[in-house]
Amino acid sequence: MLTINNLHASVGDKEILKGVNLEINPGEVHAIMGPNGSGKSTLSAVIAGRDTYAVTEGSITFEGQDLLKMKPEERSWLGIFLGFQYPTEIPGVSNVNFMKAAINEQRKHKNLPPLGPAEFLKLMRAKMAYVEMDSSFSSRGVNVGFSGGEKKRNEIFQMAMLEPRLAILDETDSGLDVDALRIVGNGVNKLRTKENSMIVITHYERLLDYIVPNFIHVFHDGRIIKTAGRELALDIEKRGYDWIIEESGSKNGK
Amino acid sequence: MESNYLLAPKANHGFICKIPMKGTRQVYVVNGHIQGNEGGPLALSFPKGECDDTMLQVIFVRTTGESGKISGICMSCAPSEKADDGGAIELDTASSIEFGEDCSKKLLLCSHTFTPDRFLTRERCEINVRRGANADITVMQNENNRSVHLTDYTINMEEGSALKMIFISLHGGKISNKLKVNLNGEHIDCNLKGLCLADGEQHMDTEVLMEHYKPNCNSNQLFKYILDDKAIADFYGLIRVAQDAQKTNAYQANHNLLISDYAKVHTKPQLEIYADDVKCSHGATVGRLNEDELFYMRSRGISLHEAQLLQQKAFANGVLEGISSRELRLRMESLVDSRLRGEFSSCRNCSKNCC
C-alpha cells in the first residue's frame, strides 16, 4: 500500500530524514517510537505533502502512485490522512463549514454529488459520537479555543468523517488525560478495518494498549534503527532508547 | 422631506434590486436626482421617535442610459474603447440624512453604475444623528472598475445617540470614503466597520477622523482590506480626544490581507489624546494568507484555491458579522463570496444578477 524507499529530506541545509525505508500493507498498524528530534514528525509531514521539507533523495509510493509528485489535497483524495501533533487553529472558519468543504471536495473527486445539508448533519452527528464530542463544537471556529484534548478529539473526528485508507497519527496521545486517551483510543479502534492502515507515532506504550500495532519501529537520527513486534514497546517503557541506539550503532560499526 | 418614500415605479423597468428584504422600501437616486419624487438630491429625514425594524434602501445610480430608465447593462465587464474619448462624466452632488431624536432606523445605501462609462462622482453627505437616536447604516459600493466615486461624510452625533455604519466595497475604479465624525455630546456610541475587496487596478481609500469632544463616549473602528493583483489601498485614521473628553473608549484597527506580490496598502493609524483618563488603542496589520492554515485544510482534501477562499471569507467575516439584519448579512456574505471567486466580473453576472 505505502512504500517508502531510502527517503532523505531536509529543511534548509539541515538533513532530517537520512534514508527511511518502510513498507505498509493493507490492514496493518505500524507504531513509530523514538527520542525527540529523531525525525518522526518530519516523516509524517513529508508523507502528507508539507512543502517546508525538501525531499532530496528516495521515493514514496502509495498504491503504485508517486506521492511526491502530488499536492497535499491530492494525497488526501487518495485516502491519506494526517492527524496533527499540534492541530492548527483556523479563526473564522467554523468546524461545520470546514468539514463540509472537505467532504464535498473528497466526493467531487470520487464523482459523487455533494451531500445535502440534512445528510451532512446526520453524518457529522454520528461521527462526533465516535469521540464523544459535544455538538456545540460544530459551530465553533476550527480548533479555536479548544483544549489540547479537544483538539486531538477533533482530529479523530475528522478522520472518522474522511475514512482514510492510511491514517498517520502524530502523537495523538500526547497531552491527553486518561479518560481522553480512552476516548481517542477507542475512537481510532472503531475505525480500524482489514483494508485501511495506520502509522501511529507515540512516545508512550499506553496508547498501544488501545491501538495494538503489528510492528513497532524505533526512529533515531532520521532513520529506522529497529523493527520488532508489540512487546518492544514494553521494553522501551522500562529501559528507554539508549540500549537500542547502542545496539544499532555497534551493528553499523560506529 | 418625509421619510415615507414609495417604491419609484418608473425607475424600476430594467432593474430590480434583489437585496431588499420583506418590508424594505426603495428609493432610486439616478445621477443625483431622486426618481418618482420632486427630483432633487437625497434629503432624508427620519422623524423624532420613529422606531421600526424595516429597512429603507437608497439606490444611488450613475448611468448614461435613457433618463429615468435604468437599463441592466453590465457594470463590470470590459468597457468599449469609445467610452474613453469623452473623458470622465462628472457629477457633484450633496445629500443629507437626519435621524430625529430618539428614532431608531435601518438604512441601506447602495451605489452602482449601470453603464460602463468613466464616471466621476463627488458626493458630500451629511448625517445628523440627534439626541438618543439609533442609526444603523450599511453602505454597499459596487460600481464599474473605471468609475471614481469620492464621498465626504460629515457625521454629527448628539448626546446619547448611537451609530453603526458598515461599508462594503466590492467593485469600483477608485472608491474613497472620507469620514469626519463629530461626537458632540456625552454617552455616544459610534461603531464604524469597513470591508474592501479589490483586485485589478482598483484603488480603495478610507479616511476617518474621529473627534471625541465630550466625556463618556465610545468609538470603535474596524477596517479590513483584501487586495489582489495590483490593487492599492490607503487607510488614514485619526482618533482625536479633546481635553474635555475624559472616560473615552476609542479603538481603531486596520487589517490587510495581501493576496498578490503587487498589491499595496498604505496604512496610517493615529491617536491624538489631550485628556488623561481614557482608554484608546489603535493598530494595523498587513499580512498574507496563513501557510499553516492552508496546509491543514489541504491535508483534509480542500483544494488550495478553496482553502484560500475560506481564509479570505474568514477574514471578511469580522466585518460582515456586524450587519444586524440577518437577511442582509446572508446576502452580503454571498456577494462577498462571489466577488472573491471572481464570478462578478463575467458578463452573466451583470447588474441584473449581482444585486
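This report describes the contact between chain B and chain A in a predicted model, and then turns to aromatic pairs and salt bridges.

## The contact between the chains

The contact draws on 31 residues from chain A and 17 residues from chain B. Together the two chains bury about 2,000 Å², of which 61% lies on carbon and sulfur atoms. On the side of chain B, B:Phe295, B:Tyr296 and B:Arg300 supply 41% of the area that this chain buries against chain A, which is more than any other three residues.

Polar features accompany this buried area: across the interface of chain B and chain A there are 14 residue pairs in polar contact, both residues being at pLDDT 80 or more. Two helices of chain B, α2 (291–298) and α3 (304–320), each supply at least two residues of the side that touches chain A, and α2(B) gives the most, with 7 residues. Sorted by class, that side of chain B has 7 nonpolar, 6 charged and 4 polar residues.

Charged pairs also cross the interface, where 3 salt bridges are found between chain B and chain A. In one of these pairs, B:Arg298 forms a salt bridge with A:Glu73, and the closest N and O atoms are 2.6 Å apart. Over all chains the count of salt bridges comes to 30. The pair of B:Arg298 and A:Glu73 runs from helix α2 of chain B to helix α2 (residues 72–78) of chain A, and thus crosses between chains. Both B:Arg298 and A:Glu73 are buried.

## Aromatic residues at the interface

Over all chains the structure holds 7 aromatic pairs. The rings of A:Phe84 and B:Tyr296 have centres 4.8 Å apart and planes at 70°, so this pair is edge-to-face. Because A:Phe84 lies in the loop between β6 (80–83) and β7 (90–94) of chain A, while B:Tyr296 lies in helix α2 of chain B, the pair joins two chains. A:Phe84 counts as buried at 9% relative accessibility, since the limit for buried residues is under 20%, and B:Tyr296, at 0% relative accessibility, counts as buried as well.

B:Tyr296 also pairs with A:Phe98: the ring centres are 5.7 Å apart and the planes stand at 10°, so the pair is stacked. A:Phe98 lies in helix α3 (residues 95–108) of chain A and B:Tyr296 in helix α2 of chain B, so this pair, too, joins two chains. With a relative accessibility of 0%, A:Phe98 counts as buried. The two pairs belong to a wider arrangement, in that A:Phe84, A:Phe98, B:Phe295 and B:Tyr296 form one aromatic cluster. Of the cluster members, B:Phe295 and B:Tyr296 are also among the three residues that supply 41% of the area buried by chain B against chain A.

## Salt bridges compared by distance

The following table gives three salt bridges with the separation of their closest N and O atoms.

| Basic residue | Acidic residue | Closest N and O atoms |
|---|---|---|
| B:Arg298 | A:Glu73 | 2.6 Å |
| B:Arg341 | B:Asp337 | 3.2 Å |
| B:Lys178 | B:Glu207 | 3.8 Å |

Within chain B, the salt bridge between B:Lys178 and B:Glu207 has its closest N and O atoms 3.8 Å apart. This pair links distant parts of the chain, with B:Lys178 in strand β11 (residues 174–183) and B:Glu207 in strand β13 (residues 203–212), 29 residues apart. B:Lys178 counts as partly exposed at 31% relative accessibility, and B:Glu207 is likewise partly exposed, with a relative accessible area of 30%.

For the salt bridge of B:Asp337 with B:Arg341, the two partners fall into separate accessibility classes: B:Asp337 counts as buried at 18% relative accessibility, whereas B:Arg341 is partly exposed, with a relative accessible area of 29%. Elsewhere in chain B, the residues B:Lys180, B:Glu211, B:Arg240 and B:Glu272 are linked in a network of salt bridges.

## Chain A as a whole

Chain A contains 9 helices and 12 strands. Of its 254 residues, 53% count as buried. Among the contacts in chain A between residues at least 6 apart in sequence, 68% join residues at least 24 apart.

Conventions
Residues are numbered from 1 along each chain as its sequence is written. Chains are lettered from A and ligands numbered from 1 in the order in which they are written. This is a predicted model: local features need pLDDT of at least 70, side-chain atom pairs count only at pLDDT 80 or more; totals for chains, interfaces and linings use all residues. Side-chain values use heavy atoms; hydrogens and water are left out. Contact means heavy atoms within 4.5 Å. Buried area is the accessible area (1.4 Å probe) that two parts lose on being put together, summed over both. A salt bridge is a side-chain nitrogen of Lys or Arg within 4 Å of a carboxyl oxygen of Asp or Glu. A polar contact is a pair of N or O atoms within 3.5 Å; within protein, one must be able to donate a hydrogen and the other to accept it, and residues adjacent in sequence count only if both atoms are side-chain atoms. Helices (H or I, at least four residues) and strands (E, at least two) are DSSP runs, numbered from the N terminus. Ala, Val, Leu, Ile, Met, Phe, Trp, Tyr, Cys and Pro count as nonpolar, Asp, Glu, Lys and Arg as charged, and the others, Gly among them, as polar. Rings of Phe, Tyr and Trp (its six-membered ring) pair if their centres lie within 6.5 Å; planes under 30 degrees apart count as stacked, over 60 as edge-to-face and the rest as tilted. Buried means under 20% relative accessible area, exposed over 50%, partly exposed in between (1.4 Å probe, protein chains only).
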